[in-house]
Amino acid sequence: MRIVVFTFFFICTHVSVLQAQDRCGTVENEKKLLQNHPAKETPEQFEKWMSTQVAKTIKNQNNQRTQSAYTIPVVVHVIHNGESIGTGVNISEAQILSQLKVLNNDFNRQNADQTNTPTLFQPVAGSMDIEFVLAKQDPDGLPTTGIVRVKGSKTSWVLNDNYTLKSQSYWPAEQYLNIWVTNLTDYLGFAQSPVSPLAGLEEASNDRLTDGVVVNYRVFGSIDDGAFSLKTQYNKGRTLTHEMGHFFGLRHIWGDVSSCSGTDYVADTPVQSSSTSGCPVHPQTSCSTTKMFQNYLDYTDDACMNLFTQGQADRMITILLSSPRRKELPNSPALQTPVSVADDLGIKKIISPGTTACSGLLTPSVLVRNYGNNTITNAQLQLKRNNSVIETKNIILSLAPDAEQQIDFNFISLTSASATTFDFTITFANSHADNNAVNNLKSISTSTSTPTGLPLTESFASFPSSWSKDNPDGLTTWQTTLANGTSAMYINLYDYAEMGATDKIITPQLDLSNTPTAALLFDRAYAQYDGTTGEGLKVLASTGCRFDNSPDVLFNKTDAALATATSRLSRFVPASTEWKTEVISLSQYAGRQVQLAFESMNANGNNLFIKNVRFVTSSILDLAIVQLESPSFITCLGSPTPAVRIRNNGNIAITSFSVSLSVNGGSNTIYHFGNQILPNEELVVNLSPMILNGGTNQYTISVLEPNGSTDIDPSNDSRSYQIAFNTANEVIPLREKFETASKNDWVIIGAPQQTTWSTATTNYNTSLVYNGFTNTKIGEEGWLISPILNLTDITKASAYFDISYAKRSTGNETLRVLASTDCEHFTTELFSASGVALSNIAQETSWLPSVSSAWTRQQIILSSLAGQPNVRLAFVATNGNGNNLYLDNIEFFANEDSQPSLLEVPYSVYGGLASPLKITFNFDTRQSAFIQVFNVMGQLISELNLTNVLNQTFPIEMPNQGTGIYLIRVQTDTHVSTKKVYWGN
Ligand SMILES: [Zn+2]
């Protein structure tokens, strides 16, 4: 007798939320800082120092029995997207003040929910006696609210943007605790941990430009003080409390090790094996002891956190007393309301000259500001040139407090090719010595060059005397070198820790008065350190011999686009084959004088070289292919029309050219064009439709014969592409496991000779893999494209897929899912995740999943595509030379359910007393199904005739039936069975 009546099962719900955002990025940030600054102290060195320092702190407290109160000046930089104040990222002042209130309450154990601290932990609960206040004066000594609002150069930010984000707005970390609030997308927040003052670790001081705390704007502030738009779990401002703990040297309570051997180096916090999420009920046990998941340094929801321990407070006080920068904060002038004096005229900035100037006549000029309380009615200023007074200027003014005015001096003549020093001084204001001398002097050193005619060649055997350097931080800068025997200029960015620093080498003034055509040619070489950081190179041009006020940008490449050789962790010195020649037209400066600068931007990655700089007056013809505009990697028409974007890289107008097209190695079709393309301009040219074979096709497009002549740089004239002609179509539901033969409808493609998806054997049998581990070519893409999905008959749809990935410190892969509704153009992005958002697993060796817990299941909603007849999805992996990315079990459902069936059996009936009957199927291929329900008398109650059954759930009607036993017979193409159910409504 069959006994099984019901099939009970649990649905596994390891479905991750789109764009997963991790709670805290501090550990990851520390890892990156250590990676970029090998000389920085290790956590072990830091903790060795801390252990003796904390003992001193505790001893001092016991002796004195009192603690002094510490006041910390805070500046909040709101990096917004141009919203009005109080909207979106540009959060209101009330929200900022509510966050500071949380911080002060939590650090002083004044938090209302301290009563929720379990009795067990109340004896160890600690307080710091500290106050966080908004700064009262800015770095110029002027009054401030302590809130700075800046429109960011990007709309969203990740941890990897660390330097760029903070360079949007930054105040000196010795005087201000910098807090950046912005649209941080990969973490809720992250802090920069403190360092010890130990000798020999001075490189750590280079981290000052990034010191502080970053917090997502939707977790900043507390709903206890206003109806702010905050994330539900993190709506009480505890993200900043947590991150501020890190800023003052605290570690996560579980010690960042997933075992009972981890430590946070604090004696009165219990050992814990891992982080806690959500809001569990006390007590919880871990490592045979009661967890302190109420600690701010756990990952519990905001509402469930309520204490620091005294041991944690002692650690934070120790940092505040001894760590560089942190220890300066309680004595910062930022805490004082600026005291303005009666008569205080100051030089705000030097307007002219800059650090470079054209030879000839120049008017020195400064901007003065009235920083005092009285109106300034007269002043005396003095100008020195190379320490000799050249002008004393008495002026009549009527300058109200805070008003500014430009003051010009008599013109001077600059002819020397060497540097000149200028000192501007205010000697009197309102007929007497100024009441505040601090802002009365500003100096500048200015390089001038003699105009030089073209042509001009520079090989850099030594640094040419007619050129100059601009090295703003006085540290690492451009120098001459021999790169494998070739003279070149290089900058040692490999060892240069000042992230974001720029350095220039500046040409002499170039006289193009009599040259209608001119061009710059130079060779450059660069390799990235890894896929996550990248340097930049610009070529700037100025007709006013100044590079500090919006010079023309003639060339600008960064990161992988700048690389001329593969990434490497060793110091880059280019081989002869690793140089690339650039041609830049200067014809737009014909008839004038122009000065150029090569500017490096440091990311502390790898070395950058330039050599063989040539200024020529000859005509240069260089027509280049920039990119293919259309088609993409797939078509269902069979005769797509190629459109290609081309660019005139030369220095004269191109008025005729040809484009050739060859498909699958066939003969060239030549297209002639008579369009005009000016130097540095681009044009998109459309060719005629090309005829494709079924499957994958390769085609080559070339540009040739600009102005009927020869192109100077053949390396950018010709590009090859691949395209699949595929018309396979399917309806959903659909399941693809990538086992033998079944993936025929799917297309795997990429650019010729580039890495794309391939098959691999995993614990899910055959899976797809993108091999990022061995592929050093950052930015290459692998495309997996679905058959055409006909969604005309449905209103809702979703897709599920399994991914497996492990992060590696060298770089991050990205997975995107794109949608097309025309068989060809993938214009909609449905999913994008990279690095930590793809996986919590970190592994430095080649990744291969072997257990189901190494996979995560992702859902994407496709309902916006419902009704469309020709939908394709593309799964696009982008290489970061990190680790291998696996994909498997792609399933499409005609619903948006967040818990799809994950049955191990072909079908299952469920429901019972007061629960509607349903049947869920789980077939590998589509089948028909015939379902009949009988009562115990053998009477037919209900019937269901289904086609195209794969993975759906269907309700079973039980019209007018009472409680009792029913028999359900299911017949499919491959199975027949009858089950008994006990059902009642
Ligand atoms: Zn943390």
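**Close-up 1. His242 and His252 at the zinc site of the predicted model.** Both His242 and His252 are buried (under 20% relative accessible area with a 1.4 Å probe, protein chains only; exposed is over 50%, partly exposed in between). The model is predicted, with local features requiring pLDDT of at least 70 and side-chain atom pairs pLDDT 80 or more, while totals for chains, interfaces and linings use all residues. Residues are numbered from 1 along each chain as its sequence is written, and side-chain values use heavy atoms, without hydrogens and water.

**Close-up 2. Coordination of the zinc ion.** Cys24 (SG), His242 (NE2), His246 (NE2) and His252 (NE2) are the protein donors, at 2.0 to 2.1 Å from the ion (donors are N, O and S atoms within 2.8 Å of the metal, or 3.2 Å for Na, K and Ca; water is not among the atoms, so sites may look incomplete). The site is tetrahedral, with angles of 99 to 119° among the four donor atoms (four donors count as tetrahedral if all angles lie between 85 and 135 degrees). Along the chain the donors follow the spacing C-x217-H-x3-H-x5-H. His242 lies in helix H5 (residues 238–247) and His252 in the loop between H5 and strand S9 (285–286), so the pair ties together parts ten residues apart in sequence (helices are DSSP runs of H or I, at least four residues, and strands of E, at least two, numbered from the N terminus).

**Close-up 3. Helix H6.** Eleven of the 13 residues of H6 are buried, so the helix is largely enclosed by the rest of the structure. Among them are Arg315, Met316 and Ile317.

Note on methods
Four donors count as tetrahedral if all angles lie between 85 and 135 degrees; four count as square planar and six as octahedral if opposite donors are over 155 degrees apart and all others between 65 and 115; anything else is irregular.
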